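Reader: I have a fold in front of me and would like to talk it through. Could you take my questions one at a time?

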Amino acid sequence: MTTDLDRIDRRILAILQVDGRIAAVDLAERIGLSPTTTGERLRRLQKEGYVTGFAARVDPQRVGLGLLVFVEVLLDKTTPDVFDRFAAAIRRAPEVLECHMVAGGFDYLVKTRVADMAAYRRFLGDVLLSLPGVRETRTYAVMEEVKNDGPLPL
């Protein structure tokens, strides 16, 4: 749901997506408003849920999580109970970065990051295939990340 975001609100959000640590004074200067007005807008954007948090981007290679894998998951049944049980269980898996229910030939698309293929095989066997309702999976190991910065086009 989009609400009344004006040009300045969108500019604030665009800047924050690229540099969430920007100083309030610098943000105000870049959008052409006073620091006080800018701070008020930022607080409103946070309060209304447009800004959901701030985080550091960590180099996965440097922390030993060099393998990015996407997995298609097909469930044995497509009932609300099975969906709920699967979703609750996958939320507890720390290797899972994202999980999306999708329309099409499978039920969920899971994005996971692990150290290497051996770690992925352990995750697949010990975690993913034991989740409630999982009937089948298809694995896609990423050979190269072409773009992964993902700011929204505001």
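Author: Below are questions and answers on this structure, which is a predicted model.

Reader: Let's start with helix α5, residues 117–126. Which of its residues are buried?

Author: Buried here means under 20% relative accessible area. In α5, which runs over residues 117–126, the ones that meet this are A119, Y120, F123 and L124.

Reader: And how wide is the arc those buried residues fall within, seen down the axis of α5?

Author: Picture yourself looking down the axis of α5 at A119, Y120, F123 and L124, its buried residues. They line one face of the helix, because they fall within an arc of 140°.

Reader: What sits on the face of α5 turned away from that buried side?

Author: The buried side holds A119, Y120, F123 and L124. Turn away from that side and you reach exposed residues: R121, R122 and D126.

Reader: Which elements do the buried residues of α5 pack against?

Author: Take contact as heavy atoms within 4.5 Å. On that basis the buried residues of α5 pack against strands at 67–75, 96–101 and 108–114, plus one more; by name they are β1, β2, β3 and β4.

Reader: Which residue caps the N-terminal end of α5?

Author: Look at the backbone nitrogen of A118, which has a side-chain oxygen 3.2 Å away. The residue that supplies this oxygen and caps the N-terminal end of α5 is D116.

Reader: Moving on to T139: is it buried, partly exposed or exposed?

Author: T139 is found in strand β4, residues 134–141. Its relative accessible area is 35%. Buried needs under 20% and exposed over 50%, so T139 counts as partly exposed.

Reader: Which side chain does T139 join in a polar contact?

Author: Leaving aside neighbours within four places in sequence, T139 is in contact with V69, F70, V71 and Y120. A polar contact of 2.6 Å joins the side chain of T139 to that of Y120.

Reader: T137 is in β4 too, right? What is its relative accessible area?

Author: T137 does lie in strand β4. Not counting residues up to four places away in sequence, T137 touches V71, E72, V73, L124, L128 and L129. T137 is partly exposed, with a relative accessible area of 22%.

Reader: E72 turned up among those contacts. Which side chain does E72 join in a polar contact?

Author: E72 has its place in strand β1 and is buried, at a relative accessible area of 14%. The residues E72 touches, beyond four places in sequence, include F106, Y108, E136 and Y140. A polar contact of 3.2 Å joins the side chain of E72 to that of Y140.

Reader: D9 is another acidic one. Which side chain does D9 join in a polar contact?

Author: D9 is found in helix α1 and is buried, with a relative accessible area of 2%. Not counting residues up to four places away in sequence, D9 touches D4, R41, R44 and L45. The polar contact, 2.7 Å long, joins the side chain of D9 to that of R41.

Reader: Now helix α2, residues 24–31. How wide an arc do its buried residues cover?

Author: The buried residues of α2 are L27, A28 and I31. They sit on the same side of α2, because around the axis they cover an arc of only 100°.

Reader: What do the buried residues of α2 pack against?

Author: V25 and E29 are exposed, on the face of α2 turned away from its buried side. The buried residues of α2 pack against a helix at 35–47, which is α3, and against α1.

Reader: Which residue follows α2?

Author: Check the phi angle just past the helix: it is positive, near 80°. The residue there, following α2, is G32.

Reader: Last topic, the largest pocket. Which element gives the most to its lining?

Author: The largest pocket has a volume of about 1,300 Å³. Of the 37 residues that line it, those closest to its centre are Q17, A55, R57, D149 and G150. Elements giving two or more residues to the lining are α1, β2 and β3. The one that gives the most, with 5 residues, is α1.

Reader: And how many charged residues does that lining have?

Author: Sort the lining of the largest pocket by class and you get 20 nonpolar and 7 polar residues. The charged residues in the lining number 10.

Definitions and conventions. Residues numbered from 1 in each chain as written. Predicted model: local features only at pLDDT ≥ 70, side-chain atom pairs only at ≥ 80, totals over all residues. Heavy atoms only, no water. Helix = DSSP H or I, 4+ residues; strand = E, 2+ residues; numbered from the N terminus. Buried < 20%, exposed > 50% of the residue type's maximum accessible area, 1.4 Å probe, protein only. Polar contact = N/O pair within 3.5 Å; in protein donor to acceptor, adjacent residues only side chain to side chain. Arc of directions from axis to C-beta. 1 Å grid on protein atoms, 1.4 Å probe; cavity = no way out; pocket = protein on both sides within 12 Å on 5 of 7 lines; lining within 4 Å. Points joined across faces, edges and corners; volume = space filled by probe spheres on them. Nonpolar A, V, L, I, M, F, W, Y, C, P; charged D, E, K, R; others polar.
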